[in-house]
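I sat down with this structure today and kept a few short notes. Here they are, in the order I looked things up.

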Amino acid sequence: MFKEFEISTEEHYQLINITDKLQDIVRKGKIKNGLVSIFVPHTTAAVLVTEDETGLKQDWLKILERIVSNFDFAHNRCDNNGASHILAGLVGPSKTFIVRDNGIILGTWQQIFLAEFDGPRKREIFIKIVSD
Amino acid sequence: MFKEFEISTEEHYQLINITDKLQDIVRKGKIKNGLVSIFVPHTTAAVLVTEDETGLKQDWLKILERIVSNFDFAHNRCDNNGASHILAGLVGPSKTFIVRDNGIILGTWQQIFLAEFDGPRKREIFIKIVSD
Amino acid sequence: MFKEFEISTEEHYQLINITDKLQDIVRKGKIKNGLVSIFVPHTTAAVLVTEDETGLKQDWLKILERIVSNFDFAHNRCDNNGASHILAGLVGPSKTFIVRDNGIILGTWQQIFLAEFDGPRKREIFIKIVSD
């Protein structure tokens, strides 16, 4: 099963919780048990799993920004978004989850986020489930 | 095939080699060839692949701690484990491996670790194999 | 479907674009739709997704080097490649992609790289596709 949807981001760096949307797609699908891959076809956005707490989301963006701070990006002479590429690549363009009884298995505090690192933009999210 | 097991961690930050346990589960399973996803349903623990060498395991924990050092976590006003969440999210809650002839394919030095970032705690590890 | 190929790296730290080779293997395979895992059986090499732009590739290697700089690696008293292990583990030994119509789905700027962190060496790349 393959599905896709779009999301519009609003900030330059932003974490958007897409868990409900993903669970809804998986619940309506025909595959009850298997693996699901959530994939963004972008080099300046990523998929992150963390808790949905306001302070923590701020911490995430600030810590990531610090990793790429005070750096003279060669890529910025080409496009002015070198830091965006590095952070998207570090967090990664996809995450794989287990599907059980028509839902993505998540821990109590786990939520799935689209991580925007070069917004605001329109982003695509792809969902692929394979059954066991 | 879906399996799960529990592990008790002993330190605040700790790497625990779970390779033998995982290989044992895969060997006893009915799926000979496919993909396996190792998933922890936690936001302050992760799955890491690296060599099992005492010095290297110390290096891992110290380098990770340095990434989140000298930072005033907003999340710490809520729970006192902001750094734990960031490190778990950076390392990631799951890794996907290839299953061949009833075993997980690993390189000579590759071992699979549960990475504890907010222990000691009881942690769950989920294993899902899909066949090709 | 399982396939493997070898690649010879030339530098100590290097990003090598393996997208064309991977797409060629997937196109010639019998599985039209599913998930594909690209896995390197090494602890000092990894799989990275980013844009193929000269400046950006330099930025990647310099930023990663900075994360592990000025650190006294305990592992270096064993093997002199502590930093190589940390960077390989952070970037990760595998990435999972969606296969559709006999090709790996990638965004306009997404390319798949073997990330060498302890070259020059001969490296193996494993490809496993499971169908839906």
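These are my entries on confidence, chain arrangement, one loop glycine and some aromatic rings.

**Ground rules.** I am working with a predicted model, where local features need pLDDT of at least 70, side-chain atom pairs count only at pLDDT 80 or more, and totals for chains, interfaces and linings use all residues. Residues are numbered from 1 along each chain as its sequence is written, chains are lettered from A and ligands numbered from 1 in the order in which they are written, and side-chain values use heavy atoms, with hydrogens and water left out.

**Confidence.** I noted ipTM 0.97 and pTM 0.98 for the model. Chain A has a mean pLDDT (the predictor's confidence in each residue, from 0 to 100) of 97.

**Chains B and C.** I superposed chain C on chain B, by least squares on the C-alpha atoms of residues with pLDDT of at least 70 in both; the rotation is 120 degrees with 0.0 Å of shift along its axis, and the RMSD is 0.0 Å. The two copies are therefore related as by a three-fold rotation axis.

**B:Gly119.** I checked its burial next: B:Gly119 has 11% relative accessibility, so it counts as buried (under 20% relative accessible area, 1.4 Å probe, protein chains only). B:Gly119 touches B:Thr9, B:Glu11 and B:His12, leaving aside residues up to four places away in sequence (contact means heavy atoms within 4.5 Å). B:Thr9 is 110 residues away in sequence, yet its C-alpha is 6.1 Å from that of B:Gly119.

**Rings.** I found 12 aromatic pairs over all chains (rings of Phe, Tyr and Trp, its six-membered ring, with centres within 6.5 Å). B:Phe71 and B:Phe73 have ring centres 4.8 Å apart and planes at 65 degrees, so they pair edge-to-face (over 60 degrees). B:Phe73 is buried at 5%.

How values were computed
Buried < 20%, exposed > 50% of the residue type's maximum accessible area, 1.4 Å probe, protein only. Phe/Tyr/Trp six-rings, centres within 6.5 Å; stacked < 30°, edge-to-face > 60°.
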